[in-house]
Amino acid sequence: MATSQLNEEQLKDALCEVRKAHRLVYEYQRRMQDLSWFIRNKLGFNEYKGFKKFSAPLSSRNTISVDNWSWDWIYSYVYEYYMGEQSEKDYCWKVSIFQVSDTGFYKNRGNGARQTKINTFADVKESDSKVIFYLSAATKSAKEYDWDTDNIIKEYAIQDGFFKIENTPKHIQIVYSVPLSKFVSEEAIMLILRDFVQYCNKNAGVNLKIQE
């Protein structure tokens, strides 16, 4: 919002839209918290940690800089919900889901998009909002957990469906990228979860279970 180009009445109107936007983001984020918590419980994990993506988190000591990106204040834009780890005998797996509120940057990444220049992003109507499931499985002895989640988001935010990444027979990663609009009801969410569980159990040798 270039305030220097607005007169007072125009700025008042623009700030009204800002207030509406913040309230809408509140409702959206409440829904995402409920969704991620529901998935965590249905998959039977016992952790619930969050990590800001796309830009740097603000300092826990409240130290900020004029050089901070504006994105640093917008935690809901791209966010990781870490669910925890499960194991069976010598095999371990851990799961996160990523909230990607806007794929516009990722869609234009190969065409010179810059994170601090939103006019280089793909148009909002040509972009999407995604949920990306990510499972990494490895033997305990191998210790080959590759948890480079930033690259997972970059590579799969603009794709749909299942992807298997087999680094070695002892380390397998599964990505399931789903448009957020598919999570329209509890029934729809359960169908997505069952597909994820079935694919992971078949292709990664894990033993995920839906908690009924």
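This is a short tour of a sheet and the helices around it in a predicted model.

Start with the sheet. Select strands S1 to S6: they form an open sheet in the order S1-S2-S3-S4-S6-S5, paired antiparallel. Strands in a sheet are held to one another by backbone hydrogen bonds. At the edges lie S1 (49-52) and S5 (161-168), each with pairing on one side only. Direction ignored, neighbouring strands of this sheet are turned by 20° against each other on average.

Next, select residues 78-88 and 91-100. These are S2 and S3, which run antiparallel and are joined by ten bridges. Within this pair, find Gly-84, which stands opposite Val-95 in S3.

Now add residues 149-156, helix H3. H3 packs on the sheet and touches S2, S3, S4 (130-139), S5 and S6 (171-179). The direction of H3 makes about 130° with that of S4.

Then add H4. This helix also packs on the sheet, where S3, S4, S5 and S6 are touched; the direction of H4 makes about 160° with that of S6.

Finally, select H1 (residues 8-42) together with H4 (residues 186-204). Their axes come within 11 Å and cross at roughly 50°, and the two helices are therefore oblique to each other. The crossing of H1 past H4 is right-handed. To see the contact, show Leu-35, Phe-38, Ile-39 and Lys-42 of H1, and Glu-186, Ile-189, Met-190 and Leu-193 of H4. By class, six residues in this contact are nonpolar, two are charged and none is polar.

Definitions and conventions: Residues numbered from 1 in each chain as written. Predicted model: local features only at pLDDT ≥ 70, side-chain atom pairs only at ≥ 80, totals over all residues. Heavy atoms only, no water. Axes fitted to C-alpha atoms, helices over the stretch in contact; angles between N-to-C directions. Helix = DSSP H or I, 4+ residues; strand = E, 2+ residues; numbered from the N terminus. Parallel < 35°, antiparallel > 145°, perpendicular 65-115°, else oblique. Left-handed = near helix turned anticlockwise from the far one by under 90°. Contact = heavy atoms within 4.5 Å. Nonpolar A, V, L, I, M, F, W, Y, C, P; charged D, E, K, R; others polar. Pairing = 2+ DSSP bridges.
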